[in-house]
Amino acid sequence: MPETAAFNPPERILMGPGPSGANPRVVRAMGAPLVGHLDPEFLKIMDSIRVMLRQVFRTQNEVSLATPGTGTSGMEAAVMNLVQPGDKVVAGVCGYFGDRIVQMAERAGGVVTRVNAPWGSPVDAGDIEKAVKATGNVKLVTVVHAETSTGVRQPIEPISKIAHDNGALLLVDCVTSLGGVPVEIDAWGADAAYSGTQKCLSAPPGVAPVTISPRAWDAIRAREVPSNTWYLDLQLLESYWDSRRAYHHTAPISMIYALHEALALVLEEGLENRWARHEKHGRALQGGLEAMGLALHADAAYRLPVLTTVRIPEGVNDMEVRGALLKRHGIEVGGGLGDLRGKVWRVGLMGESSTPGNVLLFLSALGRILREQGFKADIRGAQREAATQLS
Ligand SMILES: *Cc1c(COP(=O)(O)O)cnc(C)c1O
């Protein structure tokens, strides 16, 4: 008999840019008995997910479903279905994920105008307006609500107004914001949005919530050529998610259970309570880091509470610090992406991971490791500041 290697993943404190810690109820839901993807009981779960997605996205959009795959599958579904060859797209880019949208829009044959902002600031609405006007006949404007590479929150309303005043649709990436900071699809007038399960919804990575406005749906149905993604063709997906129940793919049953439970948990906590929890813990962490003597990277007025970018001090070794956090304390944080590689740490407080205990543990663990690295971290000051904000 071959020897089988038992796999015992360690218990980690997931404080990176995702995945966040999963709620135990979500993990238990994944262990529920499998049923078929057309089983009447399973169809009920899908219907209930549609209802809950509308509540969590704050929308009346009929087309609200989950694509199979991580957050990027939601991005690909939205971009590939909305952009036809030759369509003009204006894309706001102030980080890694804004750039990923550009790459997809170009692959879809879109003619993309990038509107850049420094990594650490949001995209300027005036710059978007200039680009939309100069381009003319723009089909789609894209932005990232919570840029996980920089920790910046993008104000959506001014950009939504510009898009609509100029006859364009607005696509918003809500992967890191949904369930953590206010997302208001209908109040914003966003036409398409997507998220993931593994950030503030606190389920394992695996499916992506997507919502499409009636206007965007009309645009998708009016396409002259079918989208060049078959698997993520939203019209085919919708024919499975709506009452037609046409087989398209075998739904990832256990992940759909997980999403169902995760959404139920969000609604049980209450969206406003959940936003307030993330806000409080994020601000306590940020206050603590500054009191320790560290500098935060994102513009103060646009800092996300769910993802904090902190500058790595001069003379401190990025890999050694992250290695020690993981090895000694079981804490995972993220390194910098793209332009910020080696320059910042990305500390997430998303969903289940957003707790007072994690804030305090992280500050003391990081402070001690930084002292070993020769940085004079004010650990007491950091803890005092965070504890005050947490109380
Ligand atoms: C994480 C993330 C994605 C991609 O999600 P995956 O689950 O990694 O595929 C897209 N956009 C933003 C803003 C993200 O934070």
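**Exercise 1. The contact of H2 with H9**

Which residues of H2 meet which residues of H9 in this predicted model, and how do they divide by class?

*Solution.*
Step 1. List the H2 side: Phe42, Met46, Asp47, Ile49 and Arg50.
Step 2. List the H9 side: Glu238, Tyr240 and Trp241.
Step 3. Sort by class. The contact of H2 with H9 has five nonpolar, no polar and three charged residues.

**Exercise 2. The geometry of H2 and H9**

At what angle do the axes of helix H2 (residues 40–57) and helix H9 (residues 234–241) cross? Classify the pair.

*Solution.*
Step 1. Take the axes. They come within 10 Å and cross at roughly 120°.
Step 2. Apply the cut-offs. Roughly perpendicular covers 65 to 115 degrees, and roughly antiparallel starts over 145.
Step 3. Conclude. The crossing angle therefore makes H2 oblique to H9.

**Exercise 3. H8 against H9**

Describe how helix H8 (residues 214–221) packs on H9.

*Solution.*
Step 1. Geometry. The axes of H8 and H9 come within 10 Å, with a crossing of roughly 120°.
Step 2. Residues. Trp217, Ile220 and Arg221 of H8 make the contact with Leu234, Gln235 and Glu238 of H9.
Step 3. Classes. Three residues of the contact of H8 with H9 are nonpolar, one is polar and two are charged.
Step 4. Link back. Glu238 serves in the contact with H8 and also in the contact with H2.

**Exercise 4. The surroundings of H9**

How many residues of H9 are buried, and what do they pack against?

*Solution.*
Step 1. Name the buried residues of H9: Leu234, Leu237, Glu238, Ser239, Tyr240 and Trp241.
Step 2. Count. Six of the eight residues of H9 are buried, so H9 is largely enclosed by the rest of the structure.
Step 3. Find the partners. The buried residues of H9 pack against H2, strand E2 (63–68), helix H3 (71–82), strand E10 (207–212), H8 and helix H10 (253–269).

**Exercise 5. H11 against H13**

Are helix H11 (residues 271–292) and helix H13 (residues 356–372) roughly parallel or roughly antiparallel? Give the handedness and the contact residues.

*Solution.*
Step 1. The axes lie 10 Å apart, at an angle of about 20°.
Step 2. The cut-off for roughly parallel is under 35 degrees. H11 and H13 are therefore roughly parallel to each other.
Step 3. The crossing of H11 and H13 is right-handed.
Step 4. H11 supplies His281, Ala284, Leu285, Gly288, Leu289 and Met292. H13 supplies Pro356, Val359, Phe362, Leu363, Leu366, Gly367 and Leu370.
Step 5. By class, the contact of H11 with H13 has ten nonpolar, three polar and no charged residues.

**Exercise 6. Two residues**

Is Val102 buried or exposed? Treat His329 likewise.

*Solution.*
Step 1. Place Val102 in helix H4 (residues 96–107). The cut-off for buried is under 20%. Val102 has a relative accessible area of 3%, so Val102 is buried.
Step 2. Leaving aside neighbours within four places in sequence, Val102 contacts Ala91, Val93, Val112 and Arg114.
Step 3. Thr142 is 40 residues from Val102 in sequence, with 8.7 Å between their C-alpha atoms.
Step 4. Place His329 in helix H12 (residues 318–329). With a relative accessible area of 23%, His329 is partly exposed.
Step 5. The C-alpha atoms of His329 and Asp218 are 51 Å apart, and the two residues are 111 apart along the chain.

**Exercise 7. The domains**

How many residues of domain 1 are in contact with domain 2?

*Solution.*
Step 1. Set the bounds: domain 1 (24–268) and domain 2 (272–390).
Step 2. Their C-alpha centres lie 29 Å apart.
Step 3. Read the contact: 29 residues of domain 1 touch 24 residues of domain 2.

Methods: Residues numbered from 1 in each chain as written. Predicted model: local features only at pLDDT ≥ 70, side-chain atom pairs only at ≥ 80, totals over all residues. Heavy atoms only, no water. Axes fitted to C-alpha atoms, helices over the stretch in contact; angles between N-to-C directions. Helix = DSSP H or I, 4+ residues; strand = E, 2+ residues; numbered from the N terminus. Contact = heavy atoms within 4.5 Å. Nonpolar A, V, L, I, M, F, W, Y, C, P; charged D, E, K, R; others polar. Buried < 20%, exposed > 50% of the residue type's maximum accessible area, 1.4 Å probe, protein only. Left-handed = near helix turned anticlockwise from the far one by under 90°. Domains from an automatic or database assignment.
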